[in-house]
Protein chains: 2
Amino acid sequence: MCQLLAMNCNVPTDIVFSFTGFAHRGGRTDTHHDGWGIAFFEGSGVRHFVDHQAAIASPIAELIKHYPIKSLNVIAHIRKATQGQVALENCHPFVREMWGRYWVFAHNGDLKGFDPILDGPYRPVGNTDSEQAFCFLLQQLRDRFGDTPPAMPVLRAAIADLVAIIARYGTFNMMLSDGTALFAHCSTKLCYVIRQYPFDKACLADEDLSVDFSQVTTPNDRVAIIVTTPLTTNETWTEFAPGELKVFVDGLPQS
Amino acid sequence: MCQLLAMNCNVPTDIVFSFTGFAHRGGRTDTHHDGWGIAFFEGSGVRHFVDHQAAIASPIAELIKHYPIKSLNVIAHIRKATQGQVALENCHPFVREMWGRYWVFAHNGDLKGFDPILDGPYRPVGNTDSEQAFCFLLQQLRDRFGDTPPAMPVLRAAIADLVAIIARYGTFNMMLSDGTALFAHCSTKLCYVIRQYPFDKACLADEDLSVDFSQVTTPNDRVAIIVTTPLTTNETWTEFAPGELKVFVDGLPQS
């Protein structure tokens, strides 16, 4: 199984602290050493980094840990291969363009017998169940809404419907973002924390490192961190319910 | 105007030497300081780095100069904005998926009044003429060949036809690759060199740096470097003719 990390904020924020702890699970504090990746939205553009090396051994992961890229929506993934060999084309997150926006997707879990007919414009490049699921999602959204994205409540309902269909085939914890919102679906394991005023100190679970967010934030900042298992030891993480899809906008889960 | 650099090889090769000279044109030896980008094919996967900072000031360019990523096909671009503001979504190269392969595209030049109807699945995310041209190219290829890529001679003829259509609107020097071949079209300025046995020393034009390729190659290696203006002072660069499309496979231009 893999691990997922995502961030959704109301002001562009760097993910250096959370990624530092997360990257340790890529081969040091956990066994996810079959590649990793991270995608940052910056405006409507995306910075996309993937590497088939373990995150702890990757010079690119080292760069991310020290280069504060500020973003409203970030999705990261460390991989332990279950389907598809260890290769760059199988590293998450995956990126496609639809409706003139980039869509970023990452998956944790394993789908059995999921073999959708992909006869639209989205085809997998690699050979993972995850990229198949992403292409299926986009194809279905295009089939339903054509060339124009629907309003958020309609889009959310469609995505909830589609992820439930995919989740019938196995474990489907996933993160999806078009740069305006972050969709997080829990099959088995996902939790989140909202960091907002008054900010406090947070201590990483995977490394002896802490940060006092009150020193690096303004009272208006709000950041949602969503992850497979809690990243810090002294914050209150809220678990998702199995089957739950949450949509985060401006650092808050939408009701 | 921008500058282009591409590499096509018969064995995975790093581009550290050529990129080091090229990156100097991104703000030091030339005025291309409105962002830069580079994409490396690795198997069927792509590593894609873009930055809206000048290449000489970019920590990511610094990483690329020191991290030897080996690839058969690389496309790089440094930008001087003519259309579209300085923003990440306007940095080349652009990446899309078609036929289950990634396609990478970069453009040097300026198109006037080019406003194709884009009613297929490929839409620009940013607001450059270049990304419009890329989406037009892919849409036309999909319209002509449907879901299955044609044989190389047919594909090459179609691309030659399409780039000629686009070039009617202005300067259209461009690089395009699907990871198996590199297509390079010259409107005004493009040249190439083939490095092969017996390898010799090469001296960069933009920095006091040389490399003796005979020390880092095997007799079977063959590398084509294609660039806007020659990168080295002591190699023989061949200029493209205006209007010429060349296809490079395994480090050689195809006749």
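**Figure 1. A salt bridge joins R144(A) and D161(A).** In this predicted model, the side chains of R144(A) and D161(A) meet with N and O 2.8 Å apart. R144(A) belongs to helix α3 (residues 129–145) of chain A. D161(A) belongs to helix α4 (residues 152–167) of chain A. The pair therefore ties together parts that are 17 residues apart in sequence. How accessible is R144(A)? Its relative accessible area is 37%, so R144(A) is partly exposed. D161(A) is partly exposed too, with a relative accessible area of 35%. Over all chains, a search of the whole structure finds 26 salt bridges.

**Figure 2. K246(A) meets both a carboxylate partner and a ring.** The side chains of K246(A) and E244(A) form a salt bridge, 3.0 Å from N to O. The charged end of K246(A) also sits over the ring of F240(A). The distance to the ring centre is 5.9 Å. Is K246(A) buried or exposed? K246(A) counts as buried, because its relative accessibility is 16% and the cut-off for buried is under 20%. E244(A) is partly exposed, at a relative accessible area of 23%. Now turn to chain B. There, K246(B) lies over the face of F240(B), at 6.0 Å from the ring centre.

**Figure 3. K112(B) and D110(B) form a salt bridge.** The closest N and O atoms of this pair are 3.3 Å apart. K112(B) is exposed, with a relative accessible area of 57%. D110(B) counts as buried, at 18% relative accessibility. Elsewhere, salt bridges that share partners join E42(A), R47(A) and D51(B) into one network.

**Figure 4. The rings of F17(B) and F213(B) pair up.** The structure holds 25 aromatic pairs over all chains. In the pair shown here, the ring centres of F17(B) and F213(B) are 5.5 Å apart. Why is this pair called edge-to-face? The planes stand at 90°, and planes over 60 degrees apart count as edge-to-face. The pair links distant parts of the chain, 196 residues apart. F17(B) lies in helix α1 (residues 16–24) of chain B. F213(B) lies in the loop between β11 (210–212) and β12 (222–227) of chain B. F17(B) counts as buried, at 11% relative accessibility. F213(B) counts as buried at 12%.

**Figure 5. Four phenylalanines form one aromatic cluster.** Which residues take part in the cluster? They are F40(A), F49(A), F40(B) and F49(B). Chain A and chain B both supply residues to this cluster.

**Figure 6. I15(B) sits in a loop and is buried.** The loop runs between β1 (3–14) and α1 of chain B. At 3% relative accessibility, I15(B) counts as buried. What does I15(B) touch, leaving aside residues up to four places away in sequence? The contacts are L5(B), M7(B), I38(B), F40(B), I69(B) and V74(B). One of these, F40(B), is also part of the aromatic cluster in Figure 5. L137(B) gives a sense of scale. I15(B) and L137(B) are 122 residues apart in sequence. In space, C-alpha to C-alpha, I15(B) and L137(B) are 27 Å apart.

**Figure 7. A cis peptide bond joins Y197(A) and P198(A).** Omega for this bond is about -5°. P198(A) is found in the loop between β9 (191–196) and β10 (201–203) of chain A. Chain B offers a cis peptide bond to view as well, between H92(B) and P93(B). Its omega is about -10°. Where is P93(B)? P93(B) has its place in the loop between β4 (70–78) and β5 (94–98) of chain B.

**Figure 8. W99(A) has a positive phi.** Phi of W99(A) is near 60°, and this residue is not a glycine. W99(A) lies in the loop between β5 (94–98) and β6 (101–108) of chain A. Is W99(A) buried or exposed? At 10% relative accessibility, W99(A) counts as buried. Look next at W99(B). Phi of W99(B) is near 60°, again a positive value in a residue other than glycine. The loop between β5 and β6 (101–108) of chain B holds W99(B). W99(B) counts as buried, with 10% relative accessibility.

Notes:
Residues are numbered from 1 along each chain as its sequence is written. Chains are lettered from A and ligands numbered from 1 in the order in which they are written. This is a predicted model: local features need pLDDT of at least 70, side-chain atom pairs count only at pLDDT 80 or more; totals for chains, interfaces and linings use all residues. Side-chain values use heavy atoms; hydrogens and water are left out. Rings of Phe, Tyr and Trp (its six-membered ring) pair if their centres lie within 6.5 Å; planes under 30 degrees apart count as stacked, over 60 as edge-to-face and the rest as tilted. Helices (H or I, at least four residues) and strands (E, at least two) are DSSP runs, numbered from the N terminus. Buried means under 20% relative accessible area, exposed over 50%, partly exposed in between (1.4 Å probe, protein chains only). A charge sits over a ring if NZ of Lys or CZ of Arg is within 6 Å of the ring centre and within 35 degrees of the ring normal. Contact means heavy atoms within 4.5 Å. A salt bridge is a side-chain nitrogen of Lys or Arg within 4 Å of a carboxyl oxygen of Asp or Glu.
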